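Welcome! Take a moment to look over the sequence and the 3D view, and then let us walk through a few places together.

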Amino acid sequence: MNGNPSSSPLVMEPPWVRRALIAFACLHIGLLIVLPFASVLWQAFSHGLSTFSQLLATRDTRSAIALTLSIAAIAVPVNSLFGLLLAWGLTHLRFPGRRFLLTLLDLPFSISPVVAGLLFILIFGNNGYLGPFLRSHHLKVIFAFPGLLLVTLFVTMPFVAKELIPLMDDADHDEEEAARLLGGSWWRIFWKITFPNIKWGLLYGIVLCTARAMGEFGAVAVVSGSIRGRTNTLPLHIEALFQDGDLPAASAAASLLALLGIISLVSRGIAARLRKRSEALRLSAPSSTP
Amino acid sequence: MSIIINNVHKSYSGSHVLKGINLTVNTGELLALLGPSGCGKTTLLRIIAGLEPPDEGEVLCNGLPAAGSSPQESRIGFVFQHYALFRHMSVFENIAFGLRAKPRAQRPSEAQIREKVEKLLELIQLEWIAKRLPSELSGGQRQRVALARVLAVDPSVLLLDEPFGALDAKVRQELRHWLRERHADLGVTTIFVTHDQEEAMEVSDRIVLIHDGKIEQTGSPDDLYNHPVNPFVCDFLGLVNMLPLHGKTLYLRPHEIALESAPLPETCPATITAIRTAGPMVQLELRADGHPVTVAMTHEQFAKGDFAIGKTAHLRPLLEREFG
């Protein structure tokens with residue numbers, strides 16, 4: 001639990017090696033993360049706040065922000081609820097194919113977002129399987145809001161479930177069984193026993209899911225069609241501004257998106273700390289002492 | 001409540017854990033399911049509790065099938081090996097859980113719940129810990145809270161899985177005594193699982209010895225200790241010497257062999273290799289024809305005889321126990 005590297009018994013190297021390693025870590029993070037980030041901010045603020053006010057004054061930017069927020073507002077609650085149900089089912093029920101489903105859950109993480117976007121084109125696109133059906137009913141999925149929502153749902157699907165499965169998969173469910181034998185209903189057991197054990201993990205999963213839902217580029221780019229003011233999300237809008245050669249505007253928009261990222265990074269840190277604390281409680285709880 | 005277990009079988013991923021268990025548990029009895037690790041005793045307890053369905057056979061509670069009835073109807077109190085206390089709830093809320101979970105019509109008022117929980121805390125002599133979390137309790141305290149939690153719902157059967165397994169020796173001794181007394185007060189049919197034969201003999205009225213998914217013997221502690229039906233039971237219940245004598249193999253406990261200074265027709269000679277005091281008895285290690293033999297006698301008997309390491313003594317069996 002000690003975070004101080006110099007006191008770790010695993011580090012036997014002489015002090016100069018340690019100092020060199022720390023310097024390397026700082027340099028690495030500085031060059032690859034801090035420097036680019038700082039230059040974006042510098043570009044954005046090079047003309048003062050006026051770049052931001054001009055940027056926010058354009059209809060396209062406001063529409064991109066609204067679109068990104070509304071996609072996240074639907075995708076995050078949906079994936080949180082279904083992630084919770086999925087995690088409960090996969091950890092509490094034993095059925096053939098359970099392991100396979102657990103593996104499939106990793107698919108959205110392991111395939112390239114561009115491929116994910118293409119999958120949806122193949123299904124919902126004009127020449128896709130459902131294309132003729134959608135056309136005859138005047139429904140638009142690809143190059144429209146439903147398509148953007150669907151790919152976002154796809155790429156952010158595993159976050160909550162992946163976070164909850166290890167927490168719920170406590171091999172034996174002693175506490176839940178004890179509650180059941182004491183006459184607890186399913187709902188009471190979930191609410192009083194299961195939920196308190198997973199709530200910080202759930203929050204952590206939701207934060208990760210939100211960050212990805214707002215930041216996704218590749219999959220969204222494929223199905224968006226990049227119609228400015230209509231189907232451009234904030235990440236796509238940044239790309240469009242950049243293509244226009246409007247570097248300050250692109251940087252300002254990028255720092256807006258980065259701001260959302262920083263907010264989620266901070267809340268992620270808080271959620272992780274709370275989760276760790278409740279984990280410590282679990283480890284000291286009677287059910288897991290040998 | 002009486003429990004009848006009829007030909008219960010259970011397998012887990014190919015391994016046959018229970019192979020046809022038949023057992024009747026009488027109302028008010030204190031029964032021990034005894035056996036080595038992995039013999040299936042915990043599985044049997046979980047099947048009785050309704051936590052697992054048997055593959056074959058049935059469990060009848062008061063003549064009615066236990067399977068399918070709700071926990072409230074069957075009123076089974078189960079204490080888990082590691083207690084399974086609700087880690088996010090105070091001791092008070094842990095004990096109150098079963099009362100709060102009752103259907104609205106039967107649920108006691110808040111004042112009644114308070115009164116009942118306080119009475120139970122008094123029973124387990126832990127009134128002052130009501131507000132603590134389980135993680136702040138010692139092992140023995142957790143154990144007693146787990147018992148109070150199931151007693152809150154007035155169970156008609158109490159099932160305890162290795163109730164003293166995780167406790168240190170002194171606390172274990174106290175809790176055994178305490179459990180015996182509580183059983184005498186409450187008269188609840190109680191079944192507990194243990195791998196410790198001393199614990200089973202000390203606490204229970206009747207022992208069911210299980211080995212490899214089958215019942216080896218059922219009976220009082222005295223029955224199993226003094227009248228085992230096979231070598232396994234004999235060996236599991238306590239130290240036993242296998243003594244080849246006049247073409248027979250006798251299974252004798254250390255105190256069932258006497259040492260004579262001169263040979264008799266039924267004796268066989270042995271050399272003393274070690275002598276040590278074991279509480280109220282003196283224990284002598286001998287070798288007879290290459291076999292190690294342990295003999296126990298009172299300090300008085302030891303003082304009367306002339307025993308020393310290296311000397312020869314003659315083993316005289318005090319009874320004839322052999323298994324065909």
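Which residue in β10(B) is the bridge partner of B:V208? The answer is B:T218. Before going further, please keep in mind that this is a predicted model.

**The sheet in chain B**

That bridge belongs to a wider pairing: strand β9 of chain B, residues 206–211, runs antiparallel to β10(B), and 5 bridges link the two. Both strands are part of an open sheet of 6 strands in chain B, with the order β6-β7-β8-β3-β9-β10 and mixed pairing. At the edges sit β6 (76–79) and β10 (214–219) of chain B, each of which pairs on one side only. From one strand to the next, the twist averages 15°. A helix joins the picture here: α5 of chain B, residues 139–151, packs on the sheet and touches β6 and β7 (157–161) of chain B. The direction of this helix makes about 170° with that of β6(B).

**Two loop residues in chain B**

Next come two residues that have a positive phi although neither is a glycine. B:Y83 is found in the loop between β6 and α3 (91–100) of chain B, while B:D289 is in the loop between β15 (281–288) and β16 (291–298) of chain B. Here are their values.

| Residue | Phi | C-beta neighbours inside 10 Å |
|---|---|---|
| B:Y83 | about 75° | 28 |
| B:D289 | about 55° | 11 |

Is B:Y83 buried or exposed? B:Y83 counts as buried because it has 28 C-beta neighbours inside 10 Å, and the cut-off for buried is 20 or more. B:D289 counts as exposed because it has 11 such neighbours inside 10 Å, where the cut-off is 12 or fewer.

**Over to chain A**

Chain A is divided into domain 1 (13–45) and domain 2 (58–288). The centres of these two domains of chain A, taken over C-alpha atoms, are 31 Å apart. Their contact takes 5 residues from domain 1 of chain A and 7 residues from domain 2 of chain A. On the side of domain 1 of chain A that touches domain 2 of chain A, the residues divide into 4 nonpolar, 1 polar and no charged.

One more residue to find is A:F109, which lies in helix α5 (residues 107–110) of chain A. Why does A:F109 count as exposed? A:F109 counts as exposed because it has 12 C-beta neighbours inside 10 Å, and exposed means 12 or fewer. Measuring C-alpha to C-alpha in the model, A:F109 and A:W42 are 33 Å apart in space, and they are 67 residues apart in sequence.

Conventions
Residues are numbered from 1 along each chain as its sequence is written. Chains are lettered from A and ligands numbered from 1 in the order in which they are written. This is a predicted model: local features need pLDDT of at least 70, side-chain atom pairs count only at pLDDT 80 or more; totals for chains, interfaces and linings use all residues. Helices (H or I, at least four residues) and strands (E, at least two) are DSSP runs, numbered from the N terminus. Domain bounds come from an automatic or database domain assignment. Two residues are in contact if their C-beta atoms, placed from the backbone, lie within 7 Å. Ala, Val, Leu, Ile, Met, Phe, Trp, Tyr, Cys and Pro count as nonpolar, Asp, Glu, Lys and Arg as charged, and the others, Gly among them, as polar. Two strands pair if DSSP finds at least two bridges between them. Axes are lines fitted to C-alpha atoms, for helices over the stretch in contact, and angles run from 0 to 180 degrees between N-to-C directions.
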